[in-house]
Amino acid sequence: MAKTQGAALDRKKLMADPIMVTTIVLLITFLTLFILYPLAILLVDSFVGDGSFGLSIFKRIFAMPSFTKAITNTLKVGFLVGILSSLIGLLFAYVEVYVRMNRFVGGLFKTVSMLPVVSPPFVLSLSMIMLFGKAGIITRFLLHIYDNNVYGFWGIVIVQTLTFFPVCYMMLKGLLKNIDPSLEEAARDMGAGRWKVFADVTLPLMLPGLGNAFLVTFIESIADFANPMIIGGSYDTLATTIYLQITGAYDKAGAAAMAVVLLCITLLMFAVQKYYLEAKTAATLTGKASRARMLIEDKSVKVPLTIFCSLAALFVIMMYICVPIGACFPTWGYKFFPLTGKWFNQVFTKYHGFKAFKDSFVLSLIAAPITALLSMIISYLVVKRKFKAKGFIEAVSMLAMAVPGTVLGVGYIRGFSGGLFHTGFLQGIYGTGLILIIVFVVRSLPTGTRSGISALRQIDKSIEESAYDMGADSLKVFTTVTLPLIKDSFLSGLVTAFVRSITAISAIILLVTPSYLLITVQINEFAEKGAYSLACAFATILIIITYSAVLLMNAFIKRFGTSRNIKEE
Amino acid sequence: MEKIKKGVRLDHISKIYQDPKTGKEFYAVKDTSLTIEPGSFVTLLGPSGCGKTTTLRMIAGFESPDEGEIYLGDEPINELTPNKRDTAMVFQSYALLPHYNVFDNVAYGLKLRKVPKEEIKERVMKILDLVELTGMEGRMTNQLSGGQQQRVALARALVIEPSVLLFDEPLSNLDAKLRVTMRTEIRRIQQEVGITAIYVTHDQSEAMALSDNIIIMNKGVVAQMGTPQEIYYHPVNEFVADFIGEANFLKGKMTGRSGDLVTLDIEGSPLEVEGNDRMEAGNEYTLVLRPEAATLADKGGLPCKVVLSCFMGSYQNYHVMVGNTLVKLEEHNPKNKHIYAVGDNCSLVFDPKSVHVL
């Protein structure tokens, strides 16, 4: 048997579609150049960076006590944050799905899940310092503790847990909703108590999902740069060590090798998560719940769970509120009244605030539509078409999810500062706004692609086939059928990309040049210097921008959304 | 809308798939040659996995054959993409564009062909009239019933005036009554337009009601092609006989011949039936007996014993044992006939001309 003729015909049909071929070629070039190549150059650098091929650079960095310490630090934080986040996330998800809640508690939950999305990833570090630090409102003024040290291991763990648990909560909520209530009812019917049902039925069904949530958080935690930078103090993690190695010690080869080590850890975790746990999660929980769940009304369960989660939610919300308030106090920790607008004023008069917001805003605004369109094209190709390079495109765009921003940043420095393979070719883009935009795109591409793929999987393949059959070419099918059908996903991808870009810091901080002022970099700088009020003022405006973008999107989807009519079918 | 009708010809077509679990390759369609006459209505019929949908999708261009060539009229079309082929498909799930209303759905293909606006309007309205959807053109597709959606799908395929119309189990999502109405509609419209139609289904009554010719497929190969009557009365093998309608198989050795009539020994009793020239005494043959072609009597046929007797309204359903062979039969209009009970010994009677020797 030989499939040669069929394969040859498929190839010919593909070639008869020049737009499609061009798109695929451009995509492959983009992915190779801006995701694979920077990582490859890190490998090359760390093996031959000092002239001869070998492990000498690795030997050198592993001999540094600060580096080995950073590895253990990172892993310790990652494990603890992963476990805490998935447990708290599970609790929240359980309460939301199983316990009848009033509207107030429901609102709290919704706010908590929303906050990390619209705020820069490190604002909690700021408020942690302002509430519990040496001059913290709670520690110093309420409890009269004058030497509380929030910096270090516990600071990072608490801040990261509070930042990442809403992600686990959202993931696990989806899974819990998909458990068929009749499974649990059957166990209840057989005489199992509520706790027994949870332990024997719900939890085992959730285990792969929990593992999944743990790993996702673990990867986020060890890739996190800004929180350890601000609240880590002398407790260095891999991401900050790499940053210091390149900006402080100017040891580019060493930083490259360290980046390779960090990348290996995240890739390993990512592989386990993607290929082992994700499949398992899907296998145990298939389909939708057949009918509504009997919610728990029992007061002995409902009251403590609701109170605990509400308090936790209120605490998180308070931490976020602390940021705009902090920006209004005349001097944080010493003088609270009268509230003042002077920090906001200074942002714009003294610290080039206008330029910072303009630069961040414009660059993100350019990156967002590119990201959204690119991820929809990739999703379309991956889900609806078959061609040889499809596996490559899907794998590489997903791979970007596992690459920590710091690693990518170092890769770009090594890969483009001297041009491609240090030859000078394409050197021109280094240090420009273009490379910042590309980084924004690459960083947001995986999330966009993921949501695009799941949106497209829900659309019957024959709808596009019918358009194709009616005489539309690929471009026409994509623009008149696919895109309109996933308009909502496209819009939310657009906003997500914008928000992620404008709040990004880890890769950007390594690549930004003085000609561009970015808000996140400014916030980081002021926080480093201890100018928390200014940092808060910057962060507040940033949150307002991102929140407005999200509101705008929701209003837009509500007004023009298509999915509602489509789903009714 | 007069244009030259085109037929379809498959010349030694094969399609190889890979089993996703074992990685083994197998023939989904194997060395299939077919000629479909211009203007005829042909059904591809077979159990699931027999290769009928794959064949249809190869004609539409969604799949590429691994061997052989497909012709539309006289033109080889292997290398053409679906959008360049002069075929139009009606999908199982209708596949209407959910963000368009009825008019825009039907007009989609014409717009792609850059037909002038006025003409689009005229042609769409004419087709909507043909499928009896006049007045619905402003509706969104999710405001239509299943049958109406199917009509839109049909109208959309017809309006671009393709040479060949392809149907991929279009009625399987409809309820039983609507299926019957719609298949009559499809046949009426096909006759009116005079278009070549290829129709995939696993429902034999649909195939019977619709087709000029039925192609029965099994395991990737064509088992038989012929008119509904040929296939029902003269199946080429047990698979075809069993797949189309109910069939009883009586096996027996040929003992003698007199002219057209041959004598077979069935479970120890001699039976005279109409045979064919190829039959030789001494060989084993299988007879196909349709349930409605036989009846029970006190004597005069093959001796049998009733094991099931069940009143079904329009007929009495019997299962009888002829020796060791189970025979099912339907006694129609049983009102004033003698009803045999379970355990009765009686006789299986049928016209020798109404059995078919395989």
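Here are some notes on this predicted model, mostly about chain B and its contact with chain A.

1. **Confidence.** Since everything here comes from a predictor, the scores go up front: the model has ipTM 0.81 and pTM 0.82. For chain B the mean pLDDT is 88, and 99% of the residues reach 70 or more.

2. **Chain B overall.** Chain B carries 8 helices and 20 strands. Along the principal axes, its C-alpha atoms fill a box of roughly 75 × 45 × 45 Å. Of the 358 residues in chain B, 41% are buried. If you take the contacts in chain B with a separation of 6 or more, 66% of them join residues 24 or more positions apart.

3. **Two domains in chain B.** The chain splits into domain 1 (8-242) and domain 2 (246-357), and the C-alpha centres of these two domains of chain B lie 39 Å apart. The contact between them takes 6 residues from domain 1 and 5 residues from domain 2. On the domain 1 side, the largest share is 3 residues, and helix α8 (residues 238-243) of chain B supplies it. Sorted by class, that side has 3 nonpolar, 1 polar and 2 charged residues.

4. **The open sheet.** Have a look at the 5-stranded open sheet in chain B, with the order β13-β12-β11-β14-β20 and antiparallel pairing. Its edges are β13 (269-274) and β20 (356-357) of chain B; each has a single partner strand, so one side of each is left without a neighbour in the sheet. At the β20 end, strand β14 (residues 284-289) of chain B pairs with β20(B) in the antiparallel sense over 2 bridges, and B:V288 stands opposite B:H356 in β20(B).

5. **Two hairpins that share β12.** Strand β11 (residues 248-258) of chain B is antiparallel to β12(B), with 5 bridges. The hairpin they make has 2 residues between the strands, and B:G259 there takes a positive phi near 65°. Next along, β12(B) and β13(B) pair over 6 bridges, also in the antiparallel sense. They too form a hairpin with 2 residues between them, and here B:E267 in the turn has a positive phi of about 50°.

6. **The two faces of β12.** Which side chains of strand β12 (residues 261-266) of chain B are buried? B:V262, B:L264 and B:I266 are, and they point to one face; B:L261, B:T263 and B:D265 point to the other face and are not buried. That fits the usual pattern, because in a regular strand the side chains alternate between the two faces of the sheet. B:D265 is a handy residue to click on: B:K253 stands opposite B:D265 on one side, and B:D265 stands opposite B:P270 in β13(B).

7. **Positive phi away from glycine.** Two loop residues deserve a glance. B:K219 has a positive phi of about 50° without being a glycine; B:K219 lies in the loop between β9 (213-218) and β10 (221-226) of chain B. With 16 other C-beta atoms within 10 Å, B:K219 counts as partly exposed. Over in chain A, A:Y250 is also not a glycine, yet has a positive phi of about 50°. A:Y250 is placed in the loop between α12 (238-247) and α13 (252-284) of chain A. Is A:Y250 buried or exposed? It is exposed, because just 9 other C-beta atoms lie within 10 Å.

8. **Where the chains meet.** In the interface, 29 residues of chain B are in contact with 32 residues of chain A. On the chain B side, the elements giving two or more residues are β1 (8-18), β6 (87-90) and α2 (102-112) of chain B. The largest share, 3 residues, comes from α2(B). By class, the chain B side has 15 nonpolar, 8 polar and 6 charged residues.

9. **The nonpolar core.** The largest nonpolar core has 265 residues, and those with the most contacts inside it are A:L126, A:A259, A:V439, A:I508, B:L166 and B:I198. Helix α16 (residues 353-384) of chain A gives the most to this core, with 14 residues. Leaving out residues up to four places away in sequence, A:V439 touches A:L408, A:Y412, A:A507, A:I508 and A:L511. As general background, nonpolar side chains tend to be buried together in soluble globular proteins.

How values were computed: Residues numbered from 1 in each chain as written. Chains lettered and ligands numbered in written order. Predicted model: local features only at pLDDT ≥ 70, side-chain atom pairs only at ≥ 80, totals over all residues. Pairing = 2+ DSSP bridges. Helix = DSSP H or I, 4+ residues; strand = E, 2+ residues; numbered from the N terminus. Domains from an automatic or database assignment. Contact = placed C-beta atoms within 7 Å. Nonpolar A, V, L, I, M, F, W, Y, C, P; charged D, E, K, R; others polar. Buried ≥ 20, exposed ≤ 12 C-beta atoms within 10 Å, placed from the backbone. Core = buried A, V, L, I, M, F, W, Y, C linked by C-beta atoms within 7 Å. pLDDT = per-residue confidence, 0-100.
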